Amino acid sequence: MNNQRRDTLKAGSGLGMLGLLAAAGFIKPELAHAAWNQAAFDAKNMDAAFGAFNAGKPAESAEVVITAPDIAENGAVVPVGVVSKLPKTEQIVILIEKNPNMVAATFTLPEGTVADVQTRVKMGQTSDVYAMVKADGKFYMAKKEVKVTLGGCGG
């Protein structure tokens, strides 16, 4: 007997029921949205972005390390990583100063998690990339300039 077929049918019918409930109005779209900090996404400068996280002016720390290319050939997919060696790291936020929305990513880390995150961000132009880390209730940061070439020509 092929149980894989049964499992597929069960999953499909469950998704179909979920879609039906959403269409009927029993499940509202706002219930599916994650909590987010709108003030941070609407910030027009770095001080406003830091303020939206109640960070004030984070102290620069050598314990926060950004890994990103010095020159990004394709601004649509720039790999960025942040490692925090600070004890009790609770949150990591990646901000890009010259993007329309400065907040590129936020990561909330459960206690005991290794503070090492990797992602890909979109950058419209050459800009400073900031990593803001909340550790033990205090905020720290690091920054790195990433140059974005136009059209990937390397110039």
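Contact here means heavy atoms within 4.5 Å. This is a predicted model, in which local features need pLDDT of at least 70, side-chain atom pairs count only at pLDDT 80 or more, and totals for chains, interfaces and linings use all residues. Residues are numbered from 1 along each chain as its sequence is written, and side-chain values use heavy atoms, without hydrogens and water.

**Confidence**
- The protein chain has a mean pLDDT (the predictor's confidence in each residue, from 0 to 100) of 82, with 74% of its residues at 70 or more.
- Among its elements (DSSP runs numbered from the N terminus: helices H or I of at least four residues, strands E of at least two), strand β2 (residues 64–67) has the highest mean pLDDT, 96, and helix α1 (residues 3–24) the lowest, 61.
- Residues 151–155 have pLDDT below 50, and this stretch makes 5 contacts in the model beyond near neighbours in sequence.

**S127**
- S127 lies in strand β8 (residues 127–135).
- With a relative accessible area of 3%, S127 is buried (under 20%; exposed is over 50%, partly exposed in between; 1.4 Å probe, protein chains only).
- Apart from neighbours within four places in sequence, S127 contacts I96, E97, K98, K144, E145 and V146.

**Nonpolar cores**
- The largest nonpolar core (buried Ala, Val, Leu, Ile, Met, Phe, Trp, Tyr and Cys joined through side-chain atoms within 4.5 Å) has 24 residues, and V80, V82 and M123 have the most contacts inside it.
- Strand β8 supplies the largest share of this core, 4 residues.
- Not counting residues up to four places away in sequence, M123 touches G75, V78, I96, N99, V129, V146 and V148.
- A second, separate core has 15 residues, including A40, V93, L95 and F139.
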